[in-house]
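Reader: I would like a close look at one part of this model, followed by an account of how the rest is put together. Please keep to what the coordinates show.

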Amino acid sequence: MAKYSIISKLSNGGPLLLLYYLCISEVDTNLEELFEIFTLNFQIILIYFWVIKRPDIMANGHIFLAGLINDVVMGFPLGLSSLSYLIIIFVGTYVRNKSVNTTIASDWFTFFMAMIFSNLLFFSLLNNFSDLAFSLTKIGYNMFFTLFMFPVFWLLFNIYQVTFMTNRDA
Amino acid sequence: MSVSRDDFSIAFRSALLQRGGAQKFSVLSLIFLALVIFFLDIYGSKFTQPFKGVINDVVYRVTYLASAPTRIFPKAGENISSFMNVREENKKLKAEIEKYKSLELNVEFLSDENKNLQKILETEYFNKNLTNIVLAKVLVDKDSPFLKSIIINKGTKNGVLKGMPVTKDNYLVGRVVETNYLSSRVLLLNDLNSRIPVTLDQGAQAILSGSGSKNPLLEYLPEDYDVVDSLNIFASGKDGIFTAGTPIGKTNSSGTVDLFVDPNQLSFVTVNLNVQSRGNF
């Protein structure tokens, strides 16, 4: 029984561990080596999916902390990634409160809105309050591929949820 | 109509303020906290700098440890394959040693001649004082579509200061943009924020600008100047930061620059502390 509990805790904590690992390690989703313009923001896909499906496993405080770590590692001003992730949480929570049944299409559309708000805040703050220059083309590619890949990860995360995760009501 | 507006405001407020269960903090309080941290970092640099330096040092070390598997597994594969080819490699190396031995005399003569010419020109050989060069290990090399930088394991403790040039095998790699006590961040030449005055083989002056991709661009070339293939590019030293004559790369057929050092393959670099004594910072 205890063994089962540990395994279920580990599997339920998987997405949060993955988020922390992506923020703190060298592993990145910048796949320009593979395909010239292929970059995606995997963190926001991860956060958005689990906030709308299982908010109990993605605590706001943890996401905030992961954002701070991401800023330190990437060299962005502190708090910027946290703000961007919190906007994702806010839109995700709002969508969850307003909707009863969601489909992949509705999640995809609302994810697009969340990503627009989040990136708008991120890059406008970066542009106005720091000296860092960035390429609008790259932002465009990044947003496009993040949006494009959302359904793929939506399916993978759903499979993970059904296969490995225990129901919160169980 | 009023019901739908009520629904909207309830859902909106709930999304911002909801707590309980796994959520110990509301989104609104965390947004407020993130904004405070952000503006403190931007405007309160003197106040937050020591604190941020400690956080940076700790996080970079943890990142280095967390990234160990991603470094170990590819290296293990490489080691196994190189072990299999050790005999062939030995033969090749022996042949190469013979070749280099014959070239050594020639090189010695040329380097003496070079030093004499430099004395005549009253310029400083950039590698003259080796004691002022610090070897640093790359702790973190996280690739980002927006920022191209690396973290090295040397900081103010070792005399590293902001702006110091960073090289690998005497080829320019970038410059230090952030220093902590035990670590520093190096902005690579291909970063969008990187601008360096350079000299081309034929004496033309230009600015090497990072493009965010692997190959930086040459800007502000003389009017009607045609960039031909395979022109060597050196730091001009006009900014007083980079030592004049430090090799950077070669032009290619597409008009961009192929760097001599692949910015994605850095494991050890050297920081030139010579510039510190010149009081440029």
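Which residue forms a salt bridge with B:Lys214, and how far apart are the closest N and O atoms?

Author: The model is a predicted one. In it, the partner of B:Lys214 is B:Asp262, and the closest N and O atoms of this salt bridge are 3.6 Å apart. Both residues sit in loops: B:Lys214 in the one between strand 7 (205-209) and strand 8 (217-219) of chain B, and B:Asp262 in the one between strand 11 (257-259) and strand 12 (268-272), so the salt bridge ties together parts that are 48 residues apart in sequence. B:Lys214 has a relative accessible area of 39% and is therefore partly exposed. B:Asp262 is also classed as partly exposed, because its relative accessibility is 27%.

This pair belongs to a set of five salt bridges over all chains. Another one in chain B joins B:Asp41 to B:Lys52, with 3.4 Å between the closest N and O atoms. Here the two ends lie in helices: B:Asp41 in helix 2 (residues 27-43) and B:Lys52 in helix 3 of chain B, so the link is between parts eleven residues apart in sequence. B:Asp41 has a relative accessible area of 14%, which means that the residue is buried. B:Lys52 is buried as well, at 16%. The cut-off for buried is under 20% relative accessible area, while partly exposed covers the range from there up to 50%. The loop residue B:Asp262, at 27%, therefore falls in the partly exposed class, and the helix residue B:Lys52, at 16%, in the buried one.

Chain A has a salt bridge of its own, between the side chains of A:Lys53 and A:Asp107, at 3.4 Å from N to O. It connects distant parts of the chain, since A:Lys53 is in helix 2 (residues 42-53) and A:Asp107 is in helix 5 of chain A, 54 residues away. A:Asp107 has a relative accessible area of 1% and so counts as buried. A:Lys53 is buried too, because its relative accessibility is 18%. Between chain A and chain B, the count of salt bridges is zero.

Helix 5 of chain A, residues 104-129, also holds A:Met113. At 32% relative accessibility, A:Met113 is partly exposed. Together with A:Phe109, A:Phe112, A:Ile116 and A:Phe117, A:Met113 makes a nonpolar surface patch of about 440 Å².

As for chain A overall, the chain has six helices and zero strands, in the order α-α-α-α-α-α from the N terminus. The C-alpha trace spans about 55 × 30 × 30 Å along its principal axes. The radius of gyration is 16 Å, which agrees with the value near 15 Å for a compact globule of 170 residues. Of those 170 residues, 59% count as buried. Among contacts in chain A with a separation of 6 or more, 76% are between residues 24 or more positions apart. The accessible surface of chain A is about 7900 Å², and 70% of it belongs to carbon and sulfur atoms.

Chain B has six helices and twelve strands. Of its 281 residues, 39% count as buried. For chain B, 54% of the contacts between residues at least 6 apart in sequence join residues at least 24 apart. Chain B exposes about 16600 Å², with carbon and sulfur atoms supplying 59%.

The two chains meet through 53 residues from chain A and 54 residues from chain B. About 4500 Å² is buried between them, and carbon and sulfur atoms give 67% of that area. On the chain A side, A:Glu26, A:Leu78 and A:Phe90 lose the most area to chain B, together 16% of what that side buries.

One residue on the chain B side deserves a separate mention. B:Asn56 is in helix 3 (residues 45-66) of chain B, the helix that also carries B:Lys52. Leaving aside residues up to four places away in sequence, B:Asn56 touches A:Val72, B:Glu178 and B:Asn180. B:Asn56 counts as buried because its relative accessibility is 2%. B:Ser184 is 128 residues from B:Asn56 in sequence, and their C-alpha atoms are 9.0 Å apart.

Conventions: Residues are numbered from 1 along each chain as its sequence is written. Chains are lettered from A and ligands numbered from 1 in the order in which they are written. This is a predicted model: local features need pLDDT of at least 70, side-chain atom pairs count only at pLDDT 80 or more; totals for chains, interfaces and linings use all residues. Side-chain values use heavy atoms; hydrogens and water are left out. Patches are made of residues with over 30% relative accessible area and no salt bridge: like charges are joined within 9 Å, nonpolar side chains (Val, Leu, Ile, Met, Phe, Trp, Tyr) within 5 Å. Accessible areas come from the Shrake-Rupley method with a 1.4 Å probe; for residues, only the protein chains shown count as cover. A salt bridge is a side-chain nitrogen of Lys or Arg within 4 Å of a carboxyl oxygen of Asp or Glu. Helices (H or I, at least four residues) and strands (E, at least two) are DSSP runs, numbered from the N terminus. Buried means under 20% relative accessible area, exposed over 50%, partly exposed in between (1.4 Å probe, protein chains only). The radius of gyration is taken over C-alpha atoms; the globule rule is 2.2 Å times the number of residues to the power 0.38. Contact means heavy atoms within 4.5 Å. Buried area is the accessible area (1.4 Å probe) that two parts lose on being put together, summed over both.
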